[in-house]
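Grab a pencil and work through these exercises with the model open beside you. Try each task before you read its solution.

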Amino acid sequence: MTFINISGINLFKKNSGTMSVDVANSEVQNCTDDKNPSVPKTAKQLEKEAKKLAKLEKFKQKHDKQKDTKQPTKEKPEKKEVKESAIYTYDTPMGEKKNTSCPMPDAYSPKYVEAAWYSWWEKQQFFKPEYGRSSVLEPNPKGKFVIVIPPPNVTGSLHLGHALASSVQDALTRWNRMKGKTTLWVPGCDHAGIATQVVVEKKLWKEEGKTRHDYGREQFIEKIWEWKNQKGHRIYDQLRKMGCSVDWDRASFTMDPKLCEAVTEAFLRLHSEGYIYRSERLVNWSCTLKSAISDIEVDKVELPGRTLLSVPGYKDKVEFGVLISFAYKIEGQEDAELVVATTRVETMLGDTAVAVHPDDPRYKQFHGLRVVHPFCSRTLPIVCDDFVDMNFGTGAVKITPAHDQNDYEVGKRHELPMINILSEEGIIIGDCGEFTGMPRFVARKAVLKALKEKNLYRETKDNPMVVPICSRSKDVVEPLLKPQWYVNCEQMAKDAMEAVNSGELKIIPEHHKKTWFHWMENIRIFELDNRYWTEDLEAFFPNTLLETGHDILFFWVARMVFFGQKLTGKLPFKEVFLHALVRDAHGRKMSKSLGNVIDPMDVISGITLEDLQNQLNSSNLDPKEIEKAKQGQKEDYPNGIPECGTDALRFALCAYTSQGRDINLDILRVQGYRFFCNKLWNATRFALMYLDSDINPSDSENVSAKSLCHQNSMENSSHVQYLFSSIKALVWTDNYVVARVLQEIDDYLADHSYMEGYCLSQTDLNVFEALCCECVGNGDSVGGVVVLQEDKYMHLHRWIRHVNALSKDFKSTGMSSKPKVSMFAMSRPQETVSKAPMDVWIHSRLAAAVKACNDGFAAYDLPMATTACYNFWLYELCDVYLEYLKPILQGDKTTETARSAQLTLITCLDVGLRLLSPFMPFITEELYQRLPDVAGSNRHISICVAPYPENDDYPWQNSEVEAEVEFIQKLVHVVRSARSDYNLPNKTKTEANVYCMDDRTTDIVEKYAQVIATLAYCCKVEVAKSSNEEKPSSGGYAILTVSGECEVHLLLKGLVDPVKELEKLEKKKEKLEQQASKFEVAAKAPDYESKVPQDVRAAYDEKLTQLRAELARLNLAEEALKSMG
């Protein structure tokens, strides 16, 4: 090796000799050959070295010169100032409406948008089922929607599972409310007995050094209520932050008196009928909590083999994941023994039998004999039971009925004694000799040692197993025999299965029905729990829907069905919609020890990595687990979690809910929807800059029929259409809007006998029907729910009675055969008459979005609805229609095209926001309130209670126009891709000559020529049929193929430097060829097909196809550039 040191810089080069050069002294220290030091170097070698030395000397002189010359210090460029997100600073008292008359901030800010709205919604009582009606018992022809929150624990805070459930439930609730249904979403929280006990006990120990036993039962319960009143509101505050439209006046806590009374009543009734009884059975026991816990509070921890686990109350870790074999001696036979194996060797102190399979030939001679317990003064029978697996272990099984569920069943069959060897604290008790008084895991070691001393120990080997861990205390759960209350649910299970089989109860997605039937077919009893939800039965029972996670289908959903059917004779709900579980971006279950648990509040507000890790420091994790969790956070969130806002989080969670699949939540995707919010913001902000007040009056509420009644008949007809449109859009529960519309009609009828003047017409009948008018005795009503007061609307009263009396004669005389005013046409906004093809296209796409959203909600396919909203706003309205509109709105706005475009745009914004509102309540309210009113439309007080767009009201789908625009978009895409290849900025306009091969294509391109010019950044678009005109020379043009019938010649000459662009293209091609080569080499590997998963291979193939297509396009671009040389 040649070692060269140049002013501290080390360079290594392979050479046959070793040379050390000190540049500072220019001294050659060794010029001999390493391998043969005595051999002098050849002339050629010396010449090479001399050249090297000359270069080094030259380098040294240059280096010294640079050292002597003081280099001017470059000033660091100032960092670009990062503009902080806007904050709402206007003085708005709690519950008052937010100020939207102020200018919109330049960019979307979640903090700004989400401020003030919720308290106003709450004060306006939009979320109450009574809103717009005098009583919840009033009939509503549109139906009702009732749902409850599966109550989260009062001790906790919202985690992402809660956030998912809340987002889905609120989206469904808001959609149904906007559909005009009587809607109630009931909030509440669970007293979470054990969890609350743990939290309060820790608090008391930390602050006062006392336990619950120091206080006694009554005083400890007082402490729990004190804590609940002080801290229990946290989860409700978070539900408000999530925008949940619940009726807070009906919030329920499971220890509220009314719920306690319901539990007592249910218990007494079921007990009197023999369904509830008391029995001693095995329960899940936490020795730390000294309490039984439910199955859903037990975490199943899988171990691959021998593992040491930390257990509360033990200084040293405890060994799990091993199978210990030992021998029981046969009574009366000194050399005979039965070898058994166990993962919990300490439980042998409670053994009351050894079981073998009756057909196992190895143990036939032992049937009916007994074995001697080595430590307790008893012998154990050898019993025959076919539950024993002859092929597992030795085929002999120790039976501990009081501490193992399987053994308990064997013990019952053979009437074995149930010997409990554990106290509630986990201490060995009873006739256990020297082991009595030992903690259970201390006894584990002691029993093993004693077995060895008695030569009864045989072996220990690794054994993969599942260890039950208490989710509250992290203690190892013990099966313990305890007297408990149980419910005999055999008949209730049959009834629940029949409800699903008959279709009376629907489970969505349907594949969960398999789990439902599996549990129901095998259930006989379950331990009684006192957590049961109750509502105002008369008005709201049964509910419409239960939405929850699929993991509690059996634990809670089944029990609600059982008790609902048994106690009320009805199902508690008609449908069960089960959402998936939330995992991290890598598909891992969320765990504090992995550092991947995400607080939704941190996603909404954003959080730094430092603050994330500070949260871990204040947690109850083991110090080693904290370090592991911190590393996980550092890898997943190196820059913390960005501020995403509530709307983006809700939209992301609903978009993720593909039925039946777990959710791998990537925060970057949530952030992507925050950028989507910014698109909504900018699109609306742009629109508001160009909407004229003469087309869209800012205060149409003050435009009454009376002020228009003296204008000509054309204006009268227009106003009747306006009134009819207002009626069709009415939500009869919105008292404010109903009163305003009725007053408008009454004002109009003050100057007109009938809708079209002084004679009854079909228009009167249409309006009468739309108002759902009824005449009963001396009273008149509209909408099926609003009774008109006698002292109000006297002109409307008169008109209703006249139309009711004359309508039959009008129809029988044939007068109704004259041209009718179409109810359907009158219900449409005025702008649908536009003839501009792009207006027709965006109307068609809007209608498709309306249909997809309604279909998605109806089928609980929320991703269908979110995708429809996202695609319409981003890819159709923003990327295409708004770009097309810019030159139109920035030009002469008095033209018919411009006026039509404005009306079309306001319709898209209004309908588009209402489609989005169930998912994104805050930003849609903010923008909806800023939209100008359109003459003839009916703006509601809040988007929360505005009508959801109905399919029938938007019959605008036009497949022909959509196909045309799809082709034009393809043409524009080809041109814009070419501009990108040639590095043409958008401000540089070019010319495009479009050559078409047939009349149809020619007509389409000519029809949309101006659209092409706008979207493809062209100053001129010429269209010609290639069969009629000879194509000019392609010199200076890029030739772009759109389809077999269409070709674009894009002028480049004078706009690009061919030489520079060719250099750029060569570099780009080289990079793409390298990427393509890697994929091609990988695909040729001999084990590629067998080792690489199918989905990965498919992704590689797709990427390779894209690379080849891009290379082909660059080759064409290269040819075009060369032609300009």
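Helices (H or I, at least four residues) and strands (E, at least two) are DSSP runs, numbered from the N terminus. Keep in mind that this is a predicted model.

**Exercise 1. Get the overview**

Task: Find how many helices and strands the protein chain has, and what share of its residues is buried.

Solution: Start with the elements: the protein chain has 36 helices and 35 strands. Next, look at burial: of the 1125 residues, 50% are buried. Finally, check the contacts with a separation of 6 or more: 74% of them are between residues 24 or more positions apart.

**Exercise 2. Two helices at an angle**

Task: Work out how H19 is oriented relative to H30.

Solution: Two packed helices are described by the angle between their axes and the distance between the axes. Helix H19 covers residues 646-656 and helix H30 covers residues 921-930; their axes are 7 Å apart and the packing angle is about 125°. That angle makes H19 oblique to H30. Now see who touches whom: H19 brings Thr-646, Asp-647 and Arg-650, and these meet Pro-921, Phe-922 and Ile-923 of H30. Sort this contact by class and you get 3 nonpolar, 1 polar and 2 charged residues.

**Exercise 3. A second partner for the helix**

Task: Decide whether H29 and H30 are roughly parallel or roughly antiparallel.

Solution: First take the geometry: the axes of helix H29 (residues 896-916) and H30 cross at roughly 155° and come within 9 Å. Angles over 145 degrees count as roughly antiparallel, so H29 and H30 are roughly antiparallel to each other. The crossing of H29 past H30 is left-handed. From H29, the residues in the contact are Asp-910, Leu-913, Arg-914 and Leu-916, while H30 offers Thr-924, Leu-927 and Tyr-928. By class, the contact of H29 with H30 holds 4 nonpolar, 1 polar and 2 charged residues.

**Exercise 4. The loops on either side of H29**

Task: Say which of the words buried, partly exposed or exposed fits Ser-917, and which fits Thr-895.

Solution: Begin with Ser-917, which sits in the loop between H29 and H30. Its relative accessibility is 1%, so Ser-917 counts as buried. Setting aside neighbours within four places in sequence, Ser-917 is in contact with Arg-174, Met-178, Thr-924 and Ile-943. Now move to Thr-895, in the loop between helix H28 (862-889) and H29. Thr-895 has 31% relative accessibility, so this residue counts as partly exposed. The side chain of Thr-895 also reaches the backbone oxygen of Asp-892, at 3.3 Å.

**Exercise 5. Spot the unusual backbone**

Task: Find what kind of peptide bond joins Ile-508 and Pro-509, then look up phi of Ala-116 and of Cys-772.

Solution: Here's the background: most residues other than glycine have a negative phi, and most peptide bonds are trans.

- Step 1: Ile-508 and Pro-509 are joined by a cis peptide bond, with omega about -5°. Pro-509 is in the loop between strand S23 (506-508) and helix H13 (513-522).
- Step 2: Ala-116 has a positive phi, near 75°. You'll find Ala-116 in the loop between helix H2 (110-114) and helix H3 (117-124). With a relative accessible area of 23%, Ala-116 is partly exposed.
- Step 3: Cys-772 has a positive phi too, near 55°. Cys-772 lies in the loop between helix H24 (762-770) and strand S29 (774-776), and is partly exposed at a relative accessible area of 39%.

Notes
Residues numbered from 1 in each chain as written. Predicted model: local features only at pLDDT ≥ 70, side-chain atom pairs only at ≥ 80, totals over all residues. Heavy atoms only, no water. Axes fitted to C-alpha atoms, helices over the stretch in contact; angles between N-to-C directions. Parallel < 35°, antiparallel > 145°, perpendicular 65-115°, else oblique. Contact = heavy atoms within 4.5 Å. Nonpolar A, V, L, I, M, F, W, Y, C, P; charged D, E, K, R; others polar. Left-handed = near helix turned anticlockwise from the far one by under 90°. Buried < 20%, exposed > 50% of the residue type's maximum accessible area, 1.4 Å probe, protein only. Polar contact = N/O pair within 3.5 Å; in protein donor to acceptor, adjacent residues only side chain to side chain.
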